[in-house]
Amino acid sequence: MLSEDERARYSRHLLLPEFGEAGQEKLRAARVLVVGAGGLGSPAALYLAAAGVGTLGLVDHDRVDISNLQRQVLFDTASLGAGKAETARARLRALNPLIDVQAHSVELRASNAQSLIEPYDLVIDGSDRLATRYLVNDLCVLLKKPLVSAAIHRFEGQAMSYLPGRGPCYRCLFPKSADGVVPNCAEAGVLGVLPGILGSLQATEALKIVLGIGTPLAGRLLTFDALAMSWHEFSFTRRADCAVCGDAPSIRSANDSVAAGLDNSSSGIERLEPQQLQALLASAQSAAAAVTLVDVRAPREYSAGHLRVAINIPLPDLSRRLVELPLDSQLIFICRSGGRSWAAATQAAGAGYRSLAHLEGGMLAWAATLDPSMVVAPA
Amino acid sequence: MKHVVRIPGPLRSYTQDAAQVQASGDTLVELLAALDRAHPGMRFRIIDEQDRIRPHIRIFVNTREMPTLATPLAAGDEVHLICALSGG
């Protein structure tokens, strides 16, 4: 039974035939965990609190920074420097004192993911790291919790829902990725209102799933482009070979999830953008830091145009000439478009070299972004 | 056969920030090769050394995936390159 206070507060919900008092009671009994009290988590948590979700958990170990206020509407100028989870808790309780809000001021990691997620019925992923996204997804699959996931980049966003036993998971959509391959908001910038749209969408999905109404975003990827003001929807299915929800899963715990690794961490090979390489070379010059730049193209391509400090070891010769390369120096491989340099870095990793990188997109990317005068010969 | 190709934000550095480009090809294999000729280096961001779609990328034709990269495209098919995003 709802109280008089609740009937008054949720009266617009109670008018909806899809809700009724029973629906509102379902929301009151629901426990939803919001991972990341940032751009996405702010509107999601605000709407879920306003809607009367009985228990809301917020996981965030960060403090409020002034650069957050352009989009993280849970916070205001007076909250600068304060812990996000605690500040959000106060804000949500002020909005709706009838609900319980749990502040988890910790970073979600393999060691605590299960105990954080287990007490909740549904998870909203608003984190800003791919490593966290995979950990949250894998735990939701293992613990059979519905997950509403969204992510943003500059002017675009994407969202999907995972329903245990009823559709594919995030890892079915993107089996693997790596922070660094895909830039986050701090690196790439983001339109402030964009997470408002995607986070509100996440709250909508969460309410629908709790109430069991409508058609959830399961097996569907929804994308949004704010510049074009267009939405697209794509169908995808469960992968039989998915590492966590497939027929023979290799991920059976939070530790497995982390060990399943990301492109970067598993291989240990860093992918450098031209600007990053330029900065590295500049700092190496001034600090005499040990960086060895190896151009693995054919001698003919190398002679046509190459970076001044690069030495030339053509890829076919690399295995026998690896001994020429110092073990205590960072090795950066470059080629024309990034294919051979990656192969070279992988070979060096196999030979025991630990500090490895390659230039993403190769000399073509270098010429396109930094030095149009650079001659890049055809392969 | 020319197709509209939608470019995700993280790959727009290859298309001078264009959100969509046109590329020719009767299959995705041909279309990706054409994309790479017009935007050098782009294919390697989508396809790995073993000619597989990279695990943080999906290629949808209209609203679905093709069974293989060699499946014939139809006239008017729109190709969407989708990249995993990390921002929150």
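Where is the place of Lys144(A)? Work through the exercises below to find out.

This is a predicted model: local features need pLDDT (the predictor's confidence in each residue, from 0 to 100) of at least 70, side-chain atom pairs count only at pLDDT 80 or more, and totals for chains, interfaces and linings use all residues. Residues are numbered from 1 along each chain as its sequence is written, while chains are lettered from A and ligands numbered from 1 in the order in which they are written.

**Exercise 1. Place two residues with positive phi.**

Task: locate Lys144(A) and Asn62(B), then state the exposure of each.

Solution.
- Step 1. Helices (H or I, at least four residues) and strands (E, at least two) are DSSP runs, numbered from the N terminus. Lys144(A) sits in the loop between H7 and strand S5 (147-153) of chain A.
- Step 2. Its phi is near 55°, a positive value in a residue other than glycine.
- Step 3. A residue is buried if 20 or more other C-beta atoms lie within 10 Å of its own, exposed if 12 or fewer, and partly exposed in between; C-beta atoms are placed from the backbone. Lys144(A) has 9 other C-beta atoms within 10 Å, so it is exposed.
- Step 4. Asn62(B) is in the loop between S3 and S4 of chain B. Its phi is positive, about 60°, although it is not a glycine.
- Step 5. Asn62(B) has 15 other C-beta atoms within 10 Å, so it is partly exposed.

**Exercise 2. Find the two sides of a helix.**

Task: sort residues of helix H3 (residues 20-29) of chain A by burial.

Solution.
- Step 1. List the buried residues: Gly23(A), Gln24(A) and Leu27(A).
- Step 2. Check their directions. They cover an arc of only 95° around the axis, so they are on the same side of H3(A). The arc is that of the directions from the helix axis to the C-beta atoms.
- Step 3. Turn to the face away from the buried side. Ala22(A) and Ala29(A) are the exposed residues there.
- Step 4. Find the packing partners. The buried residues of H3(A) pack against helix H1 (4-9), helix H2 (11-14), helix H4 (41-51) and helix H10 (194-211) of chain A.
- Step 5. Add Glu21(A), also in helix H3 of chain A. It has 14 other C-beta atoms within 10 Å, so it is partly exposed.
- Step 6. Two residues are in contact if their C-beta atoms, placed from the backbone, lie within 7 Å. Leaving aside neighbours within four places in sequence, Glu21(A) is in contact with Leu2(A) and Leu14(A).

**Exercise 3. Describe the nonpolar cores.**

Task: which residues have the most contacts inside the largest nonpolar core?

Solution.
- Step 1. A nonpolar core is a set of buried Ala, Val, Leu, Ile, Met, Phe, Trp, Tyr and Cys residues joined through C-beta atoms within 7 Å.
- Step 2. The largest has 100 residues, and those with the most contacts inside it are Val32(A), Val34(A), Ala45(A), Leu48(A), Leu56(A), Val123(A) and Ala206(A).
- Step 3. Helix H7 (residues 130-143) of chain A gives the largest share of this core, 9 residues.
- Step 4. Look around Val34(A). Not counting residues up to four places away in sequence, Val34(A) touches residues including Ala44(A), Ala45(A), Leu56(A) and Ile124(A).
- Step 5. A second, separate core of 25 residues includes Val296(A), Ile334(A), Cys335(A) and Ala348(A).

**Exercise 4. Profile chain B.**

Task: give the fold pattern, extent and burial of chain B.

Solution.
- Step 1. Chain B has 2 helices and 4 strands. Along the sequence the pattern is β-β-α-α-β-β.
- Step 2. The radius of gyration of chain B is 12 Å, close to the 12 Å that the globule rule gives for 88 residues, so chain B is as compact as a globular protein of that length. The radius is taken over C-alpha atoms; the rule is 2.2 Å times the number of residues to the power 0.38.
- Step 3. The C-alpha trace of chain B spans about 35 × 25 × 25 Å along its principal axes.
- Step 4. Of its 88 residues, 43% count as buried.
- Step 5. Mean pLDDT for chain B is 94, with 100% of its residues at 70 or more.

**Exercise 5. Analyse the contact between the chains.**

Task: how many residues does each chain give to the contact?

Solution.
- Step 1. Chain B gives 22 residues and chain A gives 47 residues.
- Step 2. On the side of chain B that touches chain A, the elements giving two or more residues are strand S3 (57-61) and strand S4 (78-83) of chain B.
- Step 3. S4(B) gives the most to that side, with 3 residues.
- Step 4. The residues of that side divide into 10 nonpolar, 8 polar and 4 charged. Here Ala, Val, Leu, Ile, Met, Phe, Trp, Tyr, Cys and Pro count as nonpolar, Asp, Glu, Lys and Arg as charged, and the others, Gly among them, as polar.
- Step 5. The model scores ipTM 0.95 and pTM 0.76.
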